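Grab a pencil and get ready to explore a protein model. Try each exercise yourself before you peek at the solution.

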Amino acid sequence: MLRALLNIFMPHTTPLIELRHISKRFGSVVALEDVSFTLGSNEIVGLLGDNGAGKSSLVKILSGVEQADSGSFSVNDTSVALKSYSVKMARKLGIETVYQERALCENQPLWRNVFVGRHKRNRFGLIDVAYEKQATETILKEFMGLRGAGVSADACVAVLSGGERQGLAIGRAMYFAASAVILDEPTTALSLTEVSKVLQFIQQIRKAGRSAVFISHNMRHVYEACDRFVILDRGRVVQELNKGDITLEGLSSLLTGLACGATPANEHMESGEGE
Ligand SMILES: Nc1ncnc2c1ncn2[C@@H]1O[C@H](COP(=O)(O)OP(=O)(O)O)[C@@H](O)[C@H]1O
Ligand SMILES: [Mg+2]
C-alpha cells in the first residue's frame, strides 16, 4: 500500500528491473560474479566494459536466453523465479531484446519479420495477414518515420539500411509492448549516418516513456544515448555513474584505464571498436 502510494508520487522509487547478486559461470569461466543491476522507469542505461567483461552474459540473463546460477531478480517489484525464467517469460514481463546479429531474417517480407514466432491468428487458426501488414505499416511510418513509396510491409528486409533494420527490430519490440528494450551492440558495423538513425530510435524509446539497456564498444554512442552508465570488468560491476557526473573524455579514460589494468591474458584486447 505504502509502496503503491510512493509509486504514484515518486514514480522512480521502484526500478523496472532489479538484479541482485547475480552470478553466472560457463564451466570454469566466471562470466558474472555478484552483479547487481537496476534499470529505472524511463531510463536508458549504458552497459560498458572490455571484451569478455560479461555484458552479453548479463543481457542474456535479462532476456531469458541464459539462466543465472545464483542471485535474485525482480521486474516491477515482482520476484522472478531464476530457474524457470525464459525468453517467453521475459517478453511477457515486457523485456524485449534486439541483437545486432540475427535481428531480422533477410529473405522474408518485413511483416513476417515483425511477427515471426508470435503471429496474430484469426478464429480459424490462420495468420491474420491483413492485420500483420497493417501493424507493420504503422511501425514503418509512425515509429521509423519511413514515408517513401519503396518501403511497405511487403518489401524485403534487403530494402532497409543497417540502421533501419535495427529500427524495425526496436519498433517491433515497442509494438509488442516492451517496457524495457535491450540492445546488444546495435551500432557496431554501421556507418555514421546509420548510427545516428539508431541513436534516434533509442531516443524514441525514451520519448515513449520506456526504458533501455544499451551495450556498445563505442563510448561516444553510449554517452550520447544514455542517462546512466554501468561498467563491468571481468564479470563484476566496478562503477556506476550518472551522465551528469562524468564527461565523455572522463568515461573514455576510465575504460582505457581498466583495459590497461587487465591481466596479461587479455592485454591484447582493445576497448575500441569491433570484436
Ligand atoms: N556460452 C558460453 N560458453 C562459455 N563461455 C562463455 C559463454 N558465453 C560467454 N562466455 C565467457 O564469459 C565471459 C563473459 O563473456 P560475455 O558476456 O560475452 O562478455 P562481453 O559481452 O562483455 O564481451 C567471457 O570470458 C566469455 O568467454
Ligand atoms: Mg558481448
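Below are four exercises on this predicted model, each with a worked solution.

**Exercise 1: a hairpin**

Find out how strand 1 and strand 2 pair, and look at the turn between them.

Solution. Start by locating the strands: strand 1 covers residues 17-26 and strand 2 covers residues 29-39. Next, check the direction: they pair in the antiparallel sense, over seven bridges. For one of these partners, take K24, whose bridge partner in strand 2 is L32. Finally, look at the turn: two residues sit between the strands of this hairpin, and G27 in the turn has a positive phi of about 60°.

**Exercise 2: a link between separate parts**

Which parts of the chain does the salt bridge between R118 and E96 tie together?

Solution. First, check the distance. A salt bridge needs a side-chain nitrogen of Lys or Arg within 4 Å of a carboxyl oxygen of Asp or Glu, and here the N to O distance is 2.7 Å. Then place both residues: R118 is in the loop between helix 4 (110-115) and helix 5 (129-143), while E96 is in strand 6 (residues 95-99), so the pair links parts that are 22 residues apart in sequence. Now ask how covered E96 is: its relative accessible area is 4%. Buried means under 20%, so E96 is buried.

**Exercise 3: salt bridges within helices**

Work out how far apart in sequence the partners are in the pairs K141 with E137 and E194 with K197.

Solution. Take K141 and E137 to begin with. Their closest N and O atoms are 3.1 Å apart, and both residues lie in helix 5, four residues apart, or about one turn of the helix. K141 is partly exposed, at 33% relative accessible area.

Now for E194 and K197, whose side chains meet in a salt bridge of 3.1 Å, N to O. Both belong to helix 7 (residues 192-207); they are three residues apart, so about one helical turn separates them. E194 counts as buried at 12% relative accessibility, whereas K197 is partly exposed at 25%. Salt bridges can also share partners, and that's how E43, R228 and E240 join into one network.

**Exercise 4: around the ligand**

Which atoms of G54, S56 and S57 lie close to an oxygen atom of ligand 1?

Solution. Begin with the surroundings: the residues around ligand 1 include F26, D50, K55 and S57. Then go through the contacts with ligand oxygen atoms:

- G54 uses a backbone N or O atom, at 3.0 Å.
- S56 uses a backbone N or O atom, at 2.9 Å.
- S57 uses a polar side-chain atom, at 2.6 Å.

To finish, consider the cover: the protein covers 63% of the 560 Å² of accessible area that ligand 1 has on its own.

Technical notes:
Residues numbered from 1 in each chain as written. Chains lettered and ligands numbered in written order. Predicted model: local features only at pLDDT ≥ 70, side-chain atom pairs only at ≥ 80, totals over all residues. Heavy atoms only, no water. Pairing = 2+ DSSP bridges. Buried < 20%, exposed > 50% of the residue type's maximum accessible area, 1.4 Å probe, protein only. Near = heavy atom within 4 Å. Polar contact = N/O pair within 3.5 Å; in protein donor to acceptor, adjacent residues only side chain to side chain. Areas by Shrake-Rupley, 256 points an atom, 1.4 Å probe, with all protein chains shown as cover.
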